[in-house]
Amino acid sequence: MDNLRYKSVFDIIGPVMIGPSSSHTAGAARIGKIVRSIFGELPEKLEIHLYESFAKTYRGHGTDVALVAGVLGMDTDDERLPMAPQLAFEQGMEISYVPHPEEKAEHPNTARLIAKKGDRTMTVTGISIGGGMIQVTELNGFDIAISAGVPTFVVIHEDVPGMIARVSSVLSEHQINIAQMNVTREAKGEKAIMILEVDTPNVKEVIEEMKLIPRLHAVNFFN
Amino acid sequence: MFKNIEELIEDSKNYSSVTELMIAIEMEQTGRNREQIWEMMEHNLETMLDSVKKGLVGKKSLTGLTGGDAKLMDDYIQSGKALSGDIILGAARDAVAVNEVNAQMGLICATPTAGSAGCLPGVLTSAIKTLGLTHEQQVEFLFVAGAFGLAIANNATISGAEGGCQAEVGSASAMASAALVLAAGGSAEQAGYAIAIVLQNMLGLICDPVAGLVEIPCVHRNAMGASQAMISADMALAGVKTVIPVDEVVNTMYNVGRSLPAAFRETAEGGLAQTTTGRKIMEELFG
């Protein structure tokens, strides 16, 4: 019965989350957290662009607050979530909010975050598809697909030859199949990002082994 | 995994309880062991009970639109004058408490959604009092509710944007009712009838949140969902059956939801959201 929409009892009883909306609050926090994981550090500047329903109702749902909380590294159940803008200010992150209520987007709940630090810039688009489930659909202008529930590696590494081969050989040694793969970079020769969807969530040892690869900066795993 | 409620009822006969069936499926689907799964559910239980307590304090929401009703109901219950009885009104009060916490950006457990998160804890706290449920039975209550909720979600929808409030508070109320039936010693079949009774009574309920916020009428709808769950559980335990089988009722909820105009599916473009006052509130909040 793989085609059932809901497979876990915790899709129905859960998530534990800060209210008021699973799609507009919890989903937003998860989008923010993925942005933080991929960016790898606290941005100095964060631009939050909101579209459609996110643009129209974000204030009442705390969508803006939840996105910031996620970028600060908070989970959906973090009781500090409502204080996120204040905490961001204290940590020196400058935030601007840009709602686009009249503009069409690919999904009613779409947010595009632009994170900056020094001369680094990263753009990520995320959509909240309901019940706290999200997908990341764009990274630095490239179409990608990261969804909660699909085991996905996001590997940040130096843009030098041989990195893809090293990462995939670690996976193959552990008999882990790659379902889909995307590679993008900030600029030639700088930081590059590898996104790998795999078939199994059991990757604990693999993560540790990947971290030993020289010139690899960070390994994030989403499940 | 069971495809619908009829299969869930049949499959549960191969296990000592619906809870054991659900845990076995969860282990198979996620690869987690029994202890991990049990602990996750305990954490959800703890969150729910905490959110009830927090809601009884009577704080206002971010917008000031909701908050304080659970406290009013609590004081009224304490006065001993409740016409519908302490048990049912107590369930409604605790449901309101959870949704008021939700509107305050407090911590809740979505069951199945944040907007309908009050129904199940409301019914559970009442069951703890009337049936004297142990901690273990309280956790089982959530597994049972989750199992029946899965069967509803996979054959209909639990999203207000897709199926209106009948899909959110309707599903929450239905799964709470089923869990109550089993907690009271009823059969899985009777739990199925309780779901059918709840959903029959919820058909067509629209999702029309004022200013698009999970406040008006969501908070009060959870009171209705909790009380409906209790009445329907009692009816099923009394031996009342529905002529239309439960899975047909679930499918009907889906079909009715799909045919609701978009204005009545969480867009704030119809119903209470478009009353004179509803529009005024939207204007004041968002300009």
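This dialogue discusses a helix, a helix pair and an annotated domain in a predicted model.

User: Why is helix α3 of chain A described as largely enclosed by the rest of the structure?

Analyst: A residue counts as buried if 20 or more other C-beta atoms lie within 10 Å of its own. In chain A, 9 of the 10 residues of helix α3 (residues 52-61) are buried, so the helix is largely enclosed by the rest of the structure. Among the buried residues are F54(A), A55(A), Y58(A) and H61(A).

User: What covers the buried residues of α3(A)?

Analyst: The cover includes elements of chain A, namely α2 (22-39), β2 (45-51), α4 (63-71), β3 (94-100) and β4 (109-117), and also α13 (276-286) of chain B. Just after α3(A), G62(A) has a positive phi of about 65 degrees.

User: How should the packing of α2(A) and α4(A) be read?

Analyst: Two packed helices are described by the angle between their axes and the distance between the axes. Here α2(A) and α4(A) pack at about 30 degrees, with axes 6 Å apart, and the crossing is right-handed. Residues making the contact include A28(A), I31(A) and V35(A) of α2(A), and A66(A), L67(A) and G70(A) of α4(A). By class, this contact has 9 nonpolar, 5 polar and 3 charged residues.

User: Which feature does UniProt place at residues 17-273 of chain B?

Analyst: The unreviewed UniProt entry gives "domain: Serine dehydratase-like alpha subunit" for that range. In the model, residues 17-273 of chain B are 66% helix and 1% strand, and the end C-alpha atoms lie 43 Å apart.

How values were computed. Residues numbered from 1 in each chain as written. Chains lettered and ligands numbered in written order. Predicted model: local features only at pLDDT ≥ 70, side-chain atom pairs only at ≥ 80, totals over all residues. Buried ≥ 20, exposed ≤ 12 C-beta atoms within 10 Å, placed from the backbone. Helix = DSSP H or I, 4+ residues; strand = E, 2+ residues; numbered from the N terminus. Contact = placed C-beta atoms within 7 Å. Axes fitted to C-alpha atoms, helices over the stretch in contact; angles between N-to-C directions. Left-handed = near helix turned anticlockwise from the far one by under 90°. Nonpolar A, V, L, I, M, F, W, Y, C, P; charged D, E, K, R; others polar. UniProt positions renumbered as here; feature names shortened; annotations may be inferred.
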